[in-house]
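Here is a short note for a colleague who has not yet looked at this entry. Please read it with the sequence and the structure open.

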Amino acid sequence: MGSTIIRKGVKLDNLIQIAHNVEIGENTVIAAQTGISGSTKIGKNVFCGANVLFAENIEIGNMSSIIFGSNVLTNVPSKKTAYGNPAKILDYV
């Protein structure tokens with residue numbers, strides 16, 4: 001089991017659960033009531049709305065956005081937006 005790492009410039013709201021071996025990249029913002037399961041990697045400059053749940057051992061790419069209330073069960077590529085339960089990638093037209 002590795003270290004939990006919260007990088008420089010990360011902003012965390014209240015009531016957030018961060019499990020073991022999680023890494024949160026620089027300048028990421030995470031709103032209230034978010035749960036991050038073990039071994040999840042969140043990239044740089046990610047925006048995470050309130051009441052989001054992350055499954056274990058997934059990766060969230062740099063500059064991604066997670067809409068409030070989403071349950072993220074799979075990886076989210078860089079520069080994408082995920083929403084819903086289970087979370088889906090929002091494809092812009």
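The points below go from the whole chain to single residues.

1. Status of the model. This is a predicted model. Every value in this note is computed from it.

2. Secondary structure. The chain contains 14 strands and 0 helices. Following the sequence from start to end, the pattern is one of β elements throughout: β-β-β-β-β-β-β-β-β-β-β-β-β-β.

3. Overall dimensions. Along the principal axes, the C-alpha atoms occupy a box of roughly 40 × 25 × 20 Å. The radius of gyration is 12 Å, which agrees with the value near 12 Å for a compact globule of 93 residues.

4. Contacts along the sequence. What share of the contacts between residues at least 6 apart in sequence join residues at least 24 apart? The share is 0%.

5. Burial and surface. Of the 93 residues in the chain, 37% are buried. The exposed area is about 5,400 Å², and carbon and sulfur atoms supply 52% of that area.

6. Charge. There are 8 positive side chains and 6 negative ones in the chain. The centres of these two sets are 6 Å apart.

7. Nonpolar core. The largest nonpolar core has 19 residues. Which of its members touch the most other members? They are I30, I36, I42, F54, I60, I66 and V72.

8. Surroundings of I42. Leaving out residues up to four places away in sequence, I42 touches E23, I24, G25, T28, I30, I36, F54 and I60. Among these partners, I30, I36, F54 and I60 also appear in the list of core residues that touch the most other members.

9. Backbone exceptions. Most residues other than glycine have a negative phi, and most peptide bonds are trans. The next three points deal with places that depart from this.

10. N27. This residue is not a glycine, yet its phi is positive, near 60°. N27 sits in the loop between β4 (23-24) and β5 (29-30). Is N27 buried or exposed? With a relative accessible area of 40%, N27 is partly exposed, since that term covers values between 20% and 50%.

11. S39. A positive phi of about 65° is found at S39, which is not a glycine either. S39 lies in the loop that runs between β6 (35-36) and β7 (41-42).

12. P86. The peptide bond from N85 to P86 is cis, and its omega is near -5°. P86 belongs to the loop between β13 (81-83) and β14 (88-90).

Methods:
Residues numbered from 1 in each chain as written. Predicted model: local features only at pLDDT ≥ 70, side-chain atom pairs only at ≥ 80, totals over all residues. Heavy atoms only, no water. Helix = DSSP H or I, 4+ residues; strand = E, 2+ residues; numbered from the N terminus. Rg over C-alpha atoms; globule rule 2.2 N^0.38 Å. Buried < 20%, exposed > 50% of the residue type's maximum accessible area, 1.4 Å probe, protein only. Contact = heavy atoms within 4.5 Å. Areas by Shrake-Rupley, 256 points an atom, 1.4 Å probe, with all protein chains shown as cover. Lys, Arg positive; Asp, Glu negative; His and termini not counted. Charge placed at Lys NZ, Arg CZ, Asp CG, Glu CD. Core = buried A, V, L, I, M, F, W, Y, C linked by side-chain atoms within 4.5 Å.
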